[in-house]
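The following exercises concern helix packing and charged side-chain pairs. Each task is followed by a solution in steps.

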Amino acid sequence: MFHRRLAAAVAGAAAVVALASGCATENAPAPAPAPSGGTGTLPGTSAAPAPGGLVAGGVTEAQAAQLCSDMQAQLQSWRTYTPTIGKGGLNTVVGTWAAQNGINVIELMGNKARIDAITQAQCPDVRAEAIESLRIPDLASGLIGF
């Protein structure tokens, strides 16, 4: 029973982060526009920078590195706790990262594969460990509401 409550609390926290980041981006300066059609880069595609200094997934190299670093910092927790709790942690990491970097959360929710594209290009080892720890086929399938 405790695990269900904890999982619900983690999922609730992720939802709050997603909502807060959506509100925060409404008043924040608009980030540089992503190249049209470039935000849905699929895993395994070229990691070469796109026009405007963007890498796979339509983010800057620094943003991609931060996502990888944030995820890597959580890998041990995701290995230790149940996959359900870990998925809540994944959502928290992605929501916080998006809010800190001015990523449009609504667009990210519509194209969750961007997270896979970013991590496949920037840190495939961290991505693989996260997928294994969370017991999911890809990161997009672990994102709730994203």
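**Exercise 1.** Is the crossing of α2 and α3 left-handed or right-handed? Determine also the relative direction of the two helices and the residues in contact.

*Solution.* The model is a predicted one.

Step 1. Helix α3 covers residues 83-100, and its axis comes within 10 Å of the axis of α2. The two axes cross at roughly 155 degrees.

Step 2. An angle over 145 degrees counts as roughly antiparallel; α2 and α3 are therefore roughly antiparallel to each other.

Step 3. The crossing of α2 and α3 is right-handed.

Step 4. On the α2 side, the contact is made by Q63, Q66, L67, D70, M71, Q74 and W78. On the α3 side, G86, G89, L90, V93, V94, W97 and Q100 take part.

Step 5. Sorted by class, the contact of α2 with α3 comprises 7 nonpolar, 6 polar and 1 charged residues.

**Exercise 2.** Describe the packing of α2 against α6 in the terms used above.

*Solution.*

Step 1. Helix α2 spans residues 61-80 and helix α6 spans residues 124-134. Their axes come within 9 Å and cross at roughly 30 degrees.

Step 2. Because angles under 35 degrees count as roughly parallel, α2 is roughly parallel to α6.

Step 3. The crossing of α2 and α6 is left-handed.

Step 4. From α2, the residues in contact are C68, M71, Q72, L75, W78 and R79; from α6, they are V126, E129, A130, S133 and L134.

Step 5. By class, this contact of α2 with α6 holds 7 nonpolar, 2 polar and 2 charged residues.

**Exercise 3.** How many salt bridges does a search of the whole structure find? Locate each pair and assess its solvent exposure.

*Solution.*

Step 1. The search of the whole structure finds 2 salt bridges.

Step 2. The side chains of R79 and E129 form a salt bridge, with an N to O distance of 2.4 Å. R79 lies in helix α2 and E129 in helix α6, so this pair links parts of the chain 50 residues apart.

Step 3. R79 has a relative accessible area of 41% and is partly exposed. E129, at 31%, is likewise partly exposed.

Step 4. D116 forms a salt bridge with R127, their closest N and O atoms being 3.0 Å apart. D116 belongs to helix α5 (residues 113-122) and R127 to helix α6, with their positions 11 residues apart in numbering.

Step 5. Both D116 and R127 are buried, a class that requires under 20% relative accessible area.

Technical notes
Residues are numbered from 1 along each chain as its sequence is written. This is a predicted model: local features need pLDDT of at least 70, side-chain atom pairs count only at pLDDT 80 or more; totals for chains, interfaces and linings use all residues. Side-chain values use heavy atoms; hydrogens and water are left out. Axes are lines fitted to C-alpha atoms, for helices over the stretch in contact, and angles run from 0 to 180 degrees between N-to-C directions. Helices (H or I, at least four residues) and strands (E, at least two) are DSSP runs, numbered from the N terminus. Angles under 35 degrees count as roughly parallel, over 145 as roughly antiparallel, 65 to 115 as roughly perpendicular and the rest as oblique. A crossing is left-handed if the near helix is turned anticlockwise from the far one by less than a right angle, and right-handed if clockwise. Contact means heavy atoms within 4.5 Å. Ala, Val, Leu, Ile, Met, Phe, Trp, Tyr, Cys and Pro count as nonpolar, Asp, Glu, Lys and Arg as charged, and the others, Gly among them, as polar. A salt bridge is a side-chain nitrogen of Lys or Arg within 4 Å of a carboxyl oxygen of Asp or Glu. Buried means under 20% relative accessible area, exposed over 50%, partly exposed in between (1.4 Å probe, protein chains only).
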